[in-house]
Amino acid sequence: MTQQYQKEFLQSEILTWSITAGLSRGKPVYLKGIAEHAKERFKKFLRKELRDRFGNNDHVNQETHVANLSALKDDIDQNFKNVLQNGEIYFGRVQKIVNLYLKYRWICFNEQKPVHCPVDSVVLNEINLPHIRWTKMTVNEYADAVRKIGVVNGFGKIAEWELEIFNRKNETYK
């Protein structure tokens, strides 16, 4: 029973870490003055959708993954336009949340390796695209970044490449 509680705890924390990482950088995500309960409703939606859409990690090819990310973005825009700046969320934030969620599940639970990695400033700088801000990234900029990573490192090794970059650049444990 204790192991099940430990896994549930870790699953909950992974959701929190992923959402926080995707929403806490760059320009504000929410409209100015939006009530806390509206923000919490949005985060609750994200938690549910991450589990329901990506919890099985069964998206095995790049095209399906990008389509799933786009569908989530569209659903967020449709359901939360009255909460979000300019009535939408940037694709870059959606990919960061989802790809980080999948990365954590891969590492913590030995689940299927994600087809992509979280594309953030560390990754964009590493592939010489520092002019792109992940917090404002479009689906086309994301596709270009992933293509550039895949061409250089092999499309089947994107997740491992990013993990190595993250560990090399992370000063916390050095």
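A residue counts as buried when its relative accessible area is under 20%, as exposed when that area is over 50%, and as partly exposed in between. In this predicted model, Tyr104 has a relative accessibility of 23% and therefore counts as partly exposed, and Trp17, at 36%, likewise counts as partly exposed. Phe9, by contrast, is exposed, with a relative accessible area of 54%; Phe9 is found in helix 1, which covers residues 2-23, and its C-alpha lies 32 Å from that of Asn82, with the two positions 73 residues apart in sequence.

A pair of aromatic rings is described by the distance of the centres and the angle of the planes. A search of the whole structure finds 5 aromatic pairs, and the table gives two of them.

| Pair | Centre to centre | Angle between planes | Type |
|---|---|---|---|
| Trp17 and Tyr104 | 5.4 Å | 65 degrees | edge-to-face |
| Tyr30 and Phe42 | 6.0 Å | 85 degrees | edge-to-face |

Because Trp17 lies in helix 1 and Tyr104 in helix 4 (residues 91-109), their pair ties together parts that are 87 residues apart in sequence. Tyr30, in the loop between helix 1 and helix 2 (36-54), and Phe42, in helix 2, are 12 residues apart, and their pair links distant parts of the chain. Both Tyr30 and Phe42 are buried, and ring pairs join these two residues with Phe45 and Phe80 into a cluster.

Lysine residues are also placed over aromatic rings: Lys7 lies over the face of Phe109, 5.3 Å from the ring centre, while the charged end of Lys103 sits over the ring of Phe166, 4.6 Å from its centre.

Conventions. Residues numbered from 1 in each chain as written. Predicted model: local features only at pLDDT ≥ 70, side-chain atom pairs only at ≥ 80, totals over all residues. Heavy atoms only, no water. Helix = DSSP H or I, 4+ residues; strand = E, 2+ residues; numbered from the N terminus. Buried < 20%, exposed > 50% of the residue type's maximum accessible area, 1.4 Å probe, protein only. Phe/Tyr/Trp six-rings, centres within 6.5 Å; stacked < 30°, edge-to-face > 60°. Lys NZ or Arg CZ within 6 Å of the ring centre and 35° of its normal.
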